[in-house]
Amino acid sequence: MTHHAHSHSHGEKSVVALQRSYKYRAAVRPLLGRTSVVLCAFLLILVLAYVQDTRMRLYQLATTALGLLGLSDLRPATALTSNNLTDLVQWDPYSLYVMGQRIFLWSGEFHTWRLPVPDLWPDILQKAKAAGMNTISIYVHWGLTNPSNGTVDFTGVRALAPLFDAALASGLWVVVRPGPYINAETTAGGIAHWVTSEVAGHLRTNATDYESSWVPYIKGIIEECKPYQITEGGPIIAVQIDNEYTQADSPGWPGKAEYFEQLEALYRSEGIVVPLTYNDPGMGDNFAHGPGSVDIYGLDSYPQSFDCSNPYVWNPVVTNYYTYHMQTSPEEPFYIPEFQGGAFDPWGPNAPGYDNCRILTDSDFEQIFYLNLWANNVKMANFYMLYGGTSWGYLAFHGVYTSYDYGASIAETRILTPKFAELKREGLFLRSVPEFYKTDVIGNTTTSAVEVSSPLIFGTYLRNPDTGAGFYLVRQQNSSSLETVTFTLQANTSEGVITLPQDGSSITLTSRASKVIVHDLYFGSSHLLYSTAAILFAGTIGERDVLFLYGPATDSHEAAFKLSGTSSAIVNTSGPLDIQTSTIMDGTHTMVDVLPGTTGLSYIWDSPSSLVLFADSDTAGTFWAPTIAQSSATQFQHFYQFGTNETVLVGGPYLVRNASISGDTLELRGDLNDTTYLVVLAPSSVTKVTWNGDEVELDAGTSKVPSATGVLTATLTPKLTASSISLPSLNEWKYADSLPEVSGSYDDSYWTTADKYTTNIPYKPIYGDGPILYGCDYGYCEGAVLWRGHFQGTGNETGIELLINGGEAFAASVWLNSKFIGTTYGNSSNNLNILEETNTLFPFQGAVIPGVDNVVTVIQDNMGLNETQDDNADTSKCPRGIRGYEIRGHNYFTEWKVQGKLGGYTNFPDKTRGVFNEGGFYGERAGWHLPGFDDSAWESRSLSTGLSIAGVGMFRTTFDLNIPSGLDVPISFDFDSSFQPYRALLFVNGWQVGRRVANLGPQYSFPVQQGILDYSGTNTVAVLLWAMEDAGAHASLNMTINGVFEGGVGAITLDNPQWSSRGQHI
């Protein structure tokens, strides 16, 4: 064996020769003739067929049997399957084929409508691509795009074309998920509000009137998507049918499967040719077979559920994914359309908050649970959410508040979180190891297919049947364990079964960790025999084969490889580094041992033809692998694997968005948030680097990291920092009363008369002999609704009993004439003690005026409509309103009037911001929240002064921003965090960006995006304050800079229409 000298941070040392005797066991092969092998295999098939579900196909049984015998290379070849409409998207039992190439679909969920600034959509897509993803998944919101019967609007924040164009520019495929039902913690699960009251038939069935309601919307989806299918040069490769539903009819709710068939038939007849998919809510075997079944079946999985109260306590990994898949849809690739990328957070003072959700689903969770998907041979995975965003306006369903941050890898502010680095490490592995796209499950530790020295370790062995590349995925048997476990592994390599590691040390799993131990992987012309370190990159850069390994600094790591052109290879190391190398396999392979304590970046092997690197996991997480686009004439030029196979490695910056090479110059674009050290691994032809258009002064000798051939280094420093940007104080406020409805002179004659005595809503009134008082029945389905009940006073009336339904966390305040008589509160405390409706007696306290018309005024919140519950979609037909009313001591009301959003959902004035932006408070109806409204005649009153009595008031202020272009500066608006009996609506430049419920919480900080904010002009803030008790309420509001990032996505267009008169009757 040959030994190499090493360089250490404390001076030059020669490394003592490593004296080892390497003992190899020959690969275990059955000592059988070919006939005996076949007979034995088919005996195993028969046994498996007896014990397995009848849906397990013969092909999969044969694969399993041959795999157990070590003969998976003998299994029959598989033909590709398609829907017979296009061969550009096909599949086999392993994975998806796109344009004739096998892919591992690695995707993140992004809802454009939760980021209502289309110019910022590329920011999320570029970050997804930078994380190694190749696909983005999007829900489309029926209710937002189809606000009323006959109106379908795909403009502005509802547009799809800008998203599809951005996906093409970023190099991302798109899976479109347009519902009609999407769930998504949005009101009615995305079903248009008008449908919940105007359709008599059961929702999400083949009811004729329900079908008529969704057909125009789906036709609009088709028209938007058809020209962007892959067959037309676009990024769309699949469309999902509805979402999370049961195939079997429920008692009294027939036609579910037929509903799916209707959707599928419309897509096909109108020109959608890409595969149709489905997302099953768990392992329900819905729509995998039979009526309404789709081309590619998938299931969702949220193993940690949605309570983030104890973020360090985990549920275990799911162990039967693969078994279920093989019983359900073995002829298709294993698809998880939604896997947990975070969790939503509910209302309540004890709601844990999104920081806890991010801890619950942190990088350790990603490593163990995402790699557990790999171990179960999942080859199509979408993480819900990659970016959650904001449920601005009245988009949220009643169970969640405005923020939809979700604890995702990208925060609501669009800032990358610590989770993002692990997501990127996994994504870059998948991008550079195509051998992983096709693997058989050979077995695991329970079948002796994986032999480890510790019973505390669980391992699964996957192998590519074509190349022989093998992948051992190991974790602790107790996936929640915080212990440290060491072990050795018997690896079935091309050189025989080898005990890993070979240096006599151990493989280590520290606390919650998982590893992929790879063997027999080719990168370029070089061969990786095995590695106990993880792989960040394995491929070619320029003319060199490059292997980038990484792992925890606390562990030891070992790899053996045979490199091309090794005659001139050297080991060049520096820093706090301890690496030992030796040759093995009779001199054909080099073995490298990285000892514990190794941090930073190291070059293990450096030659004109090969480069091997190692970094600790944290350092590896600072590297990016932007693709280098080919000629603009190349179709899908930005799509790695399709339009280009060229990449570079760039370490240091906060974000690298994209890269291109022009002659001898590498042009990088990205973001900086601090001074950083730039490390570039590029083709040898590259001698210059630019960053966001500016030439970078490269190091000309001494480098802060180890030097290597073809590696360029420099220091990058942002031009501006947070300290150079200041925000104004919000001190100068104007005020006006926003509850004239309780004044004695108020005229409601132009309001809608509540005169309906029948309703399509199945939850009927409980008591009261007058008209039905459900807001949606009168077109008022978003936000606050006001009711005015008139009765002729006799003096005998003592109070009114009201049963009010507003959803979780709602409230309703009641006045008799001008006297406040009380507030009733719904509730949700971390999804406990839920009150969607309350029954309350409000004493009149002697305020009745005998002999004249008396008016009971009720203001109630609609917190959003319910989603489908227990497979009953009609739960979205919510009775938001007054389900019961009775005057004590009086017989009846003479008239009820109702008012909500100006124009209701059929004729609301603000078409830009859309149907969910405004509710029914007077100030909203009048447009006082809009920029340009003249409040000069209003009273000057600070928000901190607030209201001294129960009521509603509107506060307005303006301020200027002058943030330099080229900076991405996330800003939030922060109320005080005190608990008080008030609610507040926050409007910025006319957009409702926050609902503060101060009596419950938890949210008091509201991020507001550039594009809603004008970073170089005047901005208008309006706060509608609802004091719900006699003592009144007060609040404070400040602005906070959450970060300063030099770079960004470029110019951001403003689309904030100004105030214009809305007429006299509001």
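Strand β38 (residues 688–691) pairs with β39 in the antiparallel sense, over two bridges. The model is predicted. Two regions are covered here: the sheet that holds β38 and β39, and the parallel pairings around strand β10.

**The sheet with β38 and β39**
- The sheet is open and has four strands, in the order β35-β36-β38-β39. Its pairing is mixed.
- β35 (655–662) and β39 (694–695) are the edge strands. Each has a single partner strand, so one side of each lacks a neighbour in the sheet.
- Between β38 and β39, threonine 690 stands opposite glutamate 695, which lies in β39.

**Strand β10 and its partners**
- Strand β9 (residues 173–177) runs parallel to β10, and three bridges join the two. Here valine 176 stands opposite valine 239 of β10.
- Strand β11 (residues 276–280) also runs parallel to β10, joined to it by two bridges. Valine 239 stands opposite leucine 276 of β11.
- From β10 the chain crosses through helix α8 (residues 256–269) to β11. This β-α-β crossover is right-handed.

**Burial of β10**
- Why is strand β10 (residues 236–240) largely enclosed by the rest of the structure? Five of its five residues are buried, so the strand is largely enclosed. The cut-off for buried is under 20% relative accessible area.

**Background on strand pairing**
- Strands of a sheet pair through backbone hydrogen bonds, either parallel or antiparallel.
- β38 and β39 show the antiparallel sense, whereas β9 and β10 run parallel.

Notes: Residues numbered from 1 in each chain as written. Predicted model: local features only at pLDDT ≥ 70, side-chain atom pairs only at ≥ 80, totals over all residues. Heavy atoms only, no water. Pairing = 2+ DSSP bridges. Buried < 20%, exposed > 50% of the residue type's maximum accessible area, 1.4 Å probe, protein only. Right-handed = clockwise from strand over helix to strand, strands pointing away.
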